[in-house]
Amino acid sequence: MKHAAASDQGLDRLLDRTVVLGYSRLGYAIRRRRWAEGDPRPEALAGRTAVVTGGGSGLGEATVLGLARLGARVHLLVRSPERAAPAVERIERLLRVEGRAVELRTERCDVSDPAMIDAFAEDFCARDGGRTALDVLVHNAGVMPPERTESVEGHELSVATHVLGPIRLTEQLLPALRRSERGARQVFVASGGMYTQPLPVDDPEFERGTYQGAVAYARSKRMQVELAPILDRRWSPDRISTFVMHPGWADTPGLARSLPAFRTLTRPLLRPAEEGADTAVWLAATEPAPPSGTFWHDRRQRPTSYRSATRPGRGETEALWQWAAAAAGLERP
């Protein structure tokens with residue numbers, strides 16, 4: 001038995017190091033057959049409430065579907081409810097065919113805009129006479145602008161959407177998150193591309209050098225991963241578990257828009273969105289809860305760096321946190 005477990009771990013590490021195999025649909029299929037951890041029990045999230053940012057397409061849509069299948073009431077936080085309407089219709093149709101209750105609500109909020117975050121959070125926390133509880137928060141909304149673009153507050157758009165906005169959103173939703181009876185869970189959807197980038201502590205907003213959308217994206221995802229332990233320490237006293245995961249290579253509309261050449265080259269290997277979203281749904285629902293402040297891929301905790309060149313130096317993560325907390329408008333770091 002020990003030999004079999006060691007063999008499975010060795011295969012898993014090999015898949016991870018090869019990248020192409022581990023991040024593709026092949027890696028998912030191989031790991032799926034060997035997972036020791038089972039799927040969350042049916043109705044694991046019955047009676048619980050979830051918020052998924054960027055829930056109107058791709059990985060967000062798949063995450064909403066996965067959470068709803070486990071019984072959750074899901075709020076889709078999107079920039080345009082009109083553009084998200086087809087995804088909502090697809091999810092509702094599938095749930096009805098499966099004979100499941102449909103409890104979805106679309107909410108308008110651009111998570112790069114602090115004013116919209118605050119307005120949504122204030123309204124959400126006041127619902128049901130101020131008794132609304134939030135059990136699951138998935139930070140999935142993503143952008144990859146081809147040119148350096150700034151948010152309404154003047155921050156580089158990738159870092160505003162992937163780092164500053166999610167931190168502020170969690171902070172503003174604390175009253176509802178604290179009401180979760182079993183303790184709330186939040187999941188940041190990162191990217192395996194973060195392995196290529198160090199923590200940009202000296203230039204978090206990509207103000208120097210030649211801007212590249214894919215690099216800015218990967219840098220902001222590196223921030224999510226490295227900040228996870230700090231966010232865990234900040235919010236664990238409120239019984240909030242914090243996880244970061246990456247989905248591998250998933251075939252989504254966002255990938256088609258942002259990296260069309262990559263999609264064309266790798267399309268036979270790309271995972272369906274539901275396979276990419278699997279670990280986010282699993283982290284939200286599995287019992288007992290996995291260790292908080294950790295980084296995951298395909299239901300297994302992963303190293304945050306494979307090369308010394310991408311590991312933060314002494315004090316760099318804390319320095320980045322001090323910047324992010326101030327930029328996100330937190331009252332205290």
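Here is a chat about the cavities, one pocket and one proline of a predicted model.

Trainee: Let's start with holes. How many cavities of 30 Å³ or more turn up in the whole structure?

Mentor: Searching the whole structure gives two of them. Keep in mind that we're looking at a predicted model.

Trainee: What volume does the largest cavity have?

Mentor: About 60 Å³. It is lined by 13 residues, and the closest to its centre are T53, H139, A141, T161 and P166.

Trainee: Which elements give two or more residues to that lining?

Mentor: Those are α7, residues 157–172, and α9, residues 213–235. The largest share comes from α7, with five residues.

Trainee: And what's the lining of the largest cavity like by class?

Mentor: You get five nonpolar, seven polar and one charged residues there.

Trainee: OK, on to the second largest cavity. How much space lies in it?

Mentor: About 40 Å³. Its lining is made up of E156, V159, P204, F206, A216, R219, S220 and M223.

Trainee: Which element has the largest share of that lining?

Mentor: That's α9, which supplies four residues. Sorted by class, the lining of this second largest cavity has five nonpolar, one polar and two charged residues.

Trainee: Now for pockets. How much space is in the second largest pocket?

Mentor: About 390 Å³. Its lining has 18 residues, and G66, R69, D278, V281 and R299 are the closest to its centre.

Trainee: Which elements give two or more residues to that pocket's lining?

Mentor: Three helices show up here: α3 (25–34), α4 (58–69) and α12 (273–285). Of these, α12 gives the most, with six residues.

Trainee: How many of the residues lining the second largest pocket are charged?

Mentor: Eight are charged, next to nine nonpolar ones and one polar one.

Trainee: Changing topic: where does P86 sit?

Mentor: P86 is in helix α5, which covers residues 81–97.

Trainee: Why is P86 called partly exposed?

Mentor: Because its relative accessible area is 38%. Buried would mean under 20% and exposed over 50%, so a value in between counts as partly exposed.

Trainee: What separation do the C-alpha atoms of P86 and P237 have?

Mentor: They are 39 Å apart in space, and along the chain the two prolines are 151 residues apart.

Trainee: Can you recap the cavities for my notes?

Mentor: Sure. The largest cavity is about 60 Å³, and α7 has the largest share of its lining. The second largest is about 40 Å³, and there the largest share comes from α9.

Terms used:
Residues numbered from 1 in each chain as written. Predicted model: local features only at pLDDT ≥ 70, side-chain atom pairs only at ≥ 80, totals over all residues. Heavy atoms only, no water. Buried < 20%, exposed > 50% of the residue type's maximum accessible area, 1.4 Å probe, protein only. 1 Å grid on protein atoms, 1.4 Å probe; cavity = no way out; pocket = protein on both sides within 12 Å on 5 of 7 lines; lining within 4 Å. Points joined across faces, edges and corners; volume = space filled by probe spheres on them. Nonpolar A, V, L, I, M, F, W, Y, C, P; charged D, E, K, R; others polar.
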